[in-house]
Amino acid sequence: MTKLSALLIALSLPSFAAPPDWLPSAVIYEVFPRDFSPAGDLNGVTAGLDRLQRLGVDALSPEFTTEFLGAKLSGSRTPLKQFLLNQTRVAGIGNIYSCEALWHAKLDPRRHGKSLSWKEAAKLHKAIVSVLRRALECCLHPAPVFRDPNWWFQGLEQILRVYQREGLPCKRCGQPIKRWEQGGRSTYFCSHCQK
Ligand SMILES: [Zn+2]
């Protein structure tokens, strides 16, 4: 299934009982962005289509391999945080999951992709996939209602290790979690164990 057909099917559904297996996480992220605006709005659909056509490989698809990520990182001079949020290379990773994946991989969000060793790239790949999978698994009960603006992933906070924990002790080393603004988004990280 192409991204476009997946989007069109998604738009035709009255509501989601749960993200179907065939629906790439990138589609959920792009079509139902932070405000979860109703897909019935034509402007929203057009904007969604534009964004979808620029999407890179979905982070939960078989195409997202260690080799793929390593190759993209090796050509990037962008800080890791911005690299992960840029949906044109790897799609489906939002602000929360980029913070979480970098914490699990013990990588400083300010480092450039090019500076990572192959082993570090492999750790980051593993962290991204496991964080996204855990997020989906944790939050399917009760079933998500993506068109409800008040709906939120109930229980998500239980799996978060670094996001929105500024000043609280790192769950790995005990040092206080730091936060700074990058491109209007908050980045949470541990400067002691993320290198
Ligand atoms: Zn730490």
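Here is a walk through the structure, from overall layout to a few individual residues.

First, the ground rules: this is a predicted model, in which local features need pLDDT of at least 70, side-chain atom pairs count only at pLDDT 80 or more, and totals for chains, interfaces and linings use all residues. Residues are numbered from 1 along each chain as its sequence is written.

Let's start with the parts list. The protein has seven helices and four strands, where helices (H or I, at least four residues) and strands (E, at least two) are DSSP runs numbered from the N terminus. Reading from that end, the order is α-α-α-β-α-α-β-α-α-β-β. Of the 195 residues, 32% count as buried. Buried here says that 20 or more other C-beta atoms lie within 10 Å of the residue's own, exposed that 12 or fewer do, and partly exposed covers what is in between, with C-beta atoms placed from the backbone. As for contacts (two residues whose C-beta atoms, placed from the backbone, lie within 7 Å), pairs 24 or more positions apart account for 61% of those with a separation of 6 or more.

How far should you trust it? The predictor's confidence in each residue, pLDDT, runs from 0 to 100. The protein averages 80, and 70% of the residues score at least 70. Helix H1 (residues 3-12) has the lowest confidence, with a mean of 47, while H4 has the highest, at 97. Over residues 8-23 the pLDDT is below 50, and this stretch has 20 contacts in the model beyond near neighbours in sequence. Residues 32-40 also have pLDDT below 50, with twelve such contacts.

Now for the interior. A nonpolar core is a set of buried Ala, Val, Leu, Ile, Met, Phe, Trp, Tyr and Cys residues joined through C-beta atoms within 7 Å. The largest one has 34 residues, and the members that touch the most others are Ala-59, Val-90, Ala-101, Leu-102 and Val-162. At least two core residues come from each of helix H4 (66-74), helix H5 (80-85), strand S2 (90-91), helix H6 (95-104), helix H7 (118-138) and S4. In soluble globular proteins, nonpolar side chains tend to be buried together.

H6 is worth a closer look. Eight of its ten residues are buried, so "mostly covered" is the right phrase for this helix. Those residues are Tyr-97, Ser-98, Cys-99, Glu-100, Ala-101, Leu-102, Trp-103 and His-104. What covers them includes H5, H7 and S4. Tyr-97 also has a partner from far along the chain: its C-alpha atom is separated by 8.9 Å from that of Leu-160, 63 residues away in sequence. Leu-160 lies in the loop between H7 and S3 and is partly exposed, with 18 other C-beta atoms within 10 Å.

H7 makes for a nice geometry check. The expected span of a helix is 1.5 Å times one less than its number of residues, so the 21 residues of H7 should span 30 Å, and the end C-alpha atoms are indeed 30 Å apart. Ala-121, Leu-124, His-125, Ile-128, Val-131 and Leu-132 are buried in this helix. Seen down the axis, the buried residues fall within an arc of 140°, so they line one face of H7; the arc is that of the directions from the helix axis to the C-beta atoms. The face turned away from the buried side carries the exposed residues Lys-119 and Glu-137. Leu-132 sits 9.9 Å from Gly-94, C-alpha to C-alpha, though 38 residues apart in sequence. Gly-94 is found in the loop between S2 and H6.

Then there is the hairpin. Strand S3 (residues 178-182) and strand S4 (residues 185-189) pair in the antiparallel sense over five bridges; pairing requires that DSSP finds at least two bridges between the strands. Gln-182 has Arg-185 in S4 as its bridge partner. Two residues lie between the strands, and Gly-183 takes a positive phi near 55° in this hairpin.

Positive phi turns up beyond glycine too. Lys-106, with phi near 60°, lies in the loop between H6 and H7 and counts as partly exposed, with 16 C-beta neighbours inside 10 Å. Gln-164 also has a phi near 60°. Gln-164 is found in the loop between H7 and S3, and is partly exposed with 13 other C-beta atoms within 10 Å.
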